[in-house]
Amino acid sequence: MNSASSPYRVIAVCTGNICRSPMAELMLAEALKREGLDGLVAVDSAGTTGYEAGRPIDPRAARRLGATQLAADKHIAREWEYAWFHERDLILALDIDHYAWLSQGAPDQESRNKIRMLRSFDPRLADKDLLDQGIEDPWYGGQSDFDAVWHQVHGALPGLLDYLKEAILKNTHLRHAARLRAG
């Protein structure tokens, strides 16, 4: 959890951490930077499997991100670590399989409460079933599938930014109240 000096921690999770989750990570990081929140929120990503661990982002994902001036050349895929259930404040699942995998693996209700579908922050999908909020794996498709992922993530960013702004304010208030109680 957060201390007075640590940022709010967000992680995006997909299967191999070479397509969807790094796209979400980099797009959210850039949106936070534009909003002046990059020092208050830390974003990373991981995969539910280790199949792609150590590999760079898929070239098609990098190409799509590059079209909006987002560099993906430093991304290295990695597998989810159990400790992150406690170390992250918000866990973004990219599809229903990731959501189910994370929910089943969560050690407690507090951890399960941190798990959200990324597209649940898209106002057009917020009231939809979790199945309708998923982002299909573009790995099996072509460049247009990566374009679709970009648009789906992009649609969720305004709502996600609003959520993060509220979370930051709430955490700041709680830390301030704790300092006052501590005297």
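Modeller: Two strands pair if DSSP finds at least two bridges between them; strands (E, at least two residues) and helices (H or I, at least four) are DSSP runs, numbered from the N terminus. Ours is a predicted model, where local features need pLDDT of at least 70 and side-chain atom pairs pLDDT 80 or more, while totals for chains, interfaces and linings use all residues. Side-chain values use heavy atoms, without hydrogens or water, and residues are numbered from 1 along each chain as its sequence is written.

Biologist: Glad to start with the strands! Which residue in S2 stands opposite valine 13?

Modeller: S1 (8-14) is joined to S2 (41-47) by seven bridges, and the two run parallel. Within that pairing, the residue of S2 facing valine 13 is alanine 46.

Biologist: And which residue does alanine 12 stand opposite in S3?

Modeller: S1 also runs parallel to S3, with four bridges between them. S3 covers residues 90-93. Across from alanine 12, S3 places leucine 92.

Biologist: How many of the seven residues of S1 are buried?

Modeller: Buried here is under 20% relative accessible area, exposed is over 50%, and partly exposed lies in between (1.4 Å probe, protein chains only). S1 is mostly covered, and its buried residues number six.

Biologist: Now the interior. Which element gives the most to the largest nonpolar core?

Modeller: A nonpolar core joins buried Ala, Val, Leu, Ile, Met, Phe, Trp, Tyr and Cys residues through side-chain atoms within 4.5 Å. The largest has 38 residues, and Leu28, Leu118 and Leu164 touch the most other members. Two or more residues come from each of S1, H1, S2, H2 (59-66), S3 and H6 (143-182). With 11 residues, the top contributor is H6.

Biologist: Which residues does leucine 164 touch, not counting those up to four places away in sequence?

Modeller: Leu164 is among the core members that touch the most others. Contact means heavy atoms within 4.5 Å. By that rule, leucine 164 reaches Tyr8, Val10, Leu28, Leu32, Val41 and Leu90.

Biologist: How many residues make up the second, separate core?

Modeller: Its members include Phe85, Ala93, Ala106 and Met117. The full count for this second core is 12 residues.

Biologist: Is leucine 40 buried or partly exposed?

Modeller: Leucine 40 lies in the loop between H1 (20-34) and S2. Leaving out residues up to four places away in sequence, leucine 40 touches Pro7, Tyr8 and Ile168, and its C-alpha is 7.8 Å from that of serine 6, 34 residues away along the chain. Still, its relative accessibility is 43%, so leucine 40 is partly exposed.

Biologist: On to the rings. What kind of aromatic pair do tryptophan 80 and tryptophan 84 form?

Modeller: Rings of Phe, Tyr and Trp (its six-membered ring) pair if their centres lie within 6.5 Å, as stacked under 30 degrees between planes, edge-to-face over 60 and tilted otherwise. Five pairs turn up. Trp80 and Trp84 have centres 5.6 Å apart and planes at 85°, which makes the pair edge-to-face.

Biologist: Which residues join Trp80 and Trp84 in one aromatic cluster?

Modeller: Both tryptophans are buried, Trp80 at 8% and Trp84 at 5% relative accessible area. The other members of their cluster are Tyr82 and Phe85.

Biologist: How far apart are the ring centres of tryptophan 139 and tyrosine 140?

Modeller: Tryptophan 139 is partly exposed at 41%, and tyrosine 140 is exposed at 68%. Their planes meet at 85°, so this pair is edge-to-face, and the centres are separated by 5.1 Å.
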